[in-house]
Amino acid sequence: MRELGRMFRTYCHFKHSNWPQYVPYIEWTLNNVYHESTAHTPSELFLRDTPHNPLSQFIHFPNNDFPPNYKHKLTLAHEIQLTKSEDRKKRHDKTINAPLFKINDLVLVKTHRLSSQIDKKISKFFLLYDGPYKIKSIKTVNAYKLVGPDDDTPRGTHNVVHLKPYKPSTMATLL
């Protein structure tokens, strides 16, 4: 469900009522993308189907001459999933402390927008963070006063759990 929210936010955050047109594309994508936690696609594991690769019409891939063993795939996916789960737990345990920010750091603020039937807006389709904002002062260890990055207009005081470091888009650096 989290991944569905991410994909709909990506495509529909400007106009929420467009979400139905993206359902088939998102469904196909989620069913045919290799998942890190299993090293297989859901189509391979649940439908026993080899996913169609649209690139195969442009690129010749080597052909696997051995028939896939479904039981072996399931066992391998389960072992990979257990290993990935342990890795996620280790990473989570390392990053359990909230980040510390300094004055003039740029941050994003988590938004808490509500759905509106009148405006045809769906809360899951809004972007999760607003910003960037600049840290003007530190009220306490976990409360930061924010201002606009260009004009220093006050943006309120926010708890550290609702902030994350701002990283400029890499697309701007590629152009």
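Is D152 buried, partly exposed or exposed? D152 is partly exposed, as its relative accessible area is 36%. Welcome to this structure, which is a predicted model. The tour below visits its three salt bridges, then moves on to the nonpolar cores, of which the largest has nine residues.

**The salt bridge between D152 and K134**
- D152 and K134 join their side chains in a salt bridge, with 3.3 Å from N to O.
- This pair ties together parts that are 18 residues apart in sequence, because D152 sits in the loop between β3 (143-147) and β4 (154-159) while K134 belongs to strand β2.
- The two partners fall into separate classes of accessibility: D152 is partly exposed at 36%, whereas K134 is buried at 18%.
- K134 counts as buried because its relative accessible area of 18% falls under the 20% cut-off.

**The salt bridge between D130 and R113**
- A salt bridge also brings the side chains of D130 and R113 together, at 3.1 Å from N to O.
- Distant parts of the chain are linked here, since D130 is in strand β2 (residues 129-140) and R113 is in the loop between β1 (106-110) and β2, 17 residues apart.
- D130 is partly exposed, having a relative accessible area of 26%.
- R113 is partly exposed too, with a value of 35%.

**The salt bridge between E3 and R6**
- E3 pairs with R6 in a salt bridge whose closest N and O atoms are 2.8 Å apart.
- Both residues belong to helix α1 (residues 2-12), and because they are three residues apart there, about one helical turn separates them.
- E3 is partly exposed, with 37% relative accessibility.
- R6 is likewise partly exposed, with a relative accessible area of 41%.

**The nonpolar cores**
- Nine residues make up the largest nonpolar core: F101, V107, V109, Y133, I135, Y144, L146, V160 and L163.
- Strands β1, β2 and β3 are the elements that each give two or more residues to this core.
- A second core, separate from the largest one, has six residues, among them C12, Y22, I26 and F125.

**Places to look in the model**
- Strand β2 is a good place to start, as it holds D130 of one salt bridge and K134 of another, and it also contributes to the largest core.
- Helix α1 is another helpful stop, where E3 and R6 can be found about one helical turn apart.

How values were computed:
Residues numbered from 1 in each chain as written. Predicted model: local features only at pLDDT ≥ 70, side-chain atom pairs only at ≥ 80, totals over all residues. Heavy atoms only, no water. Salt bridge = Lys/Arg side-chain N within 4 Å of Asp/Glu carboxyl O. Helix = DSSP H or I, 4+ residues; strand = E, 2+ residues; numbered from the N terminus. Buried < 20%, exposed > 50% of the residue type's maximum accessible area, 1.4 Å probe, protein only. Core = buried A, V, L, I, M, F, W, Y, C linked by side-chain atoms within 4.5 Å.
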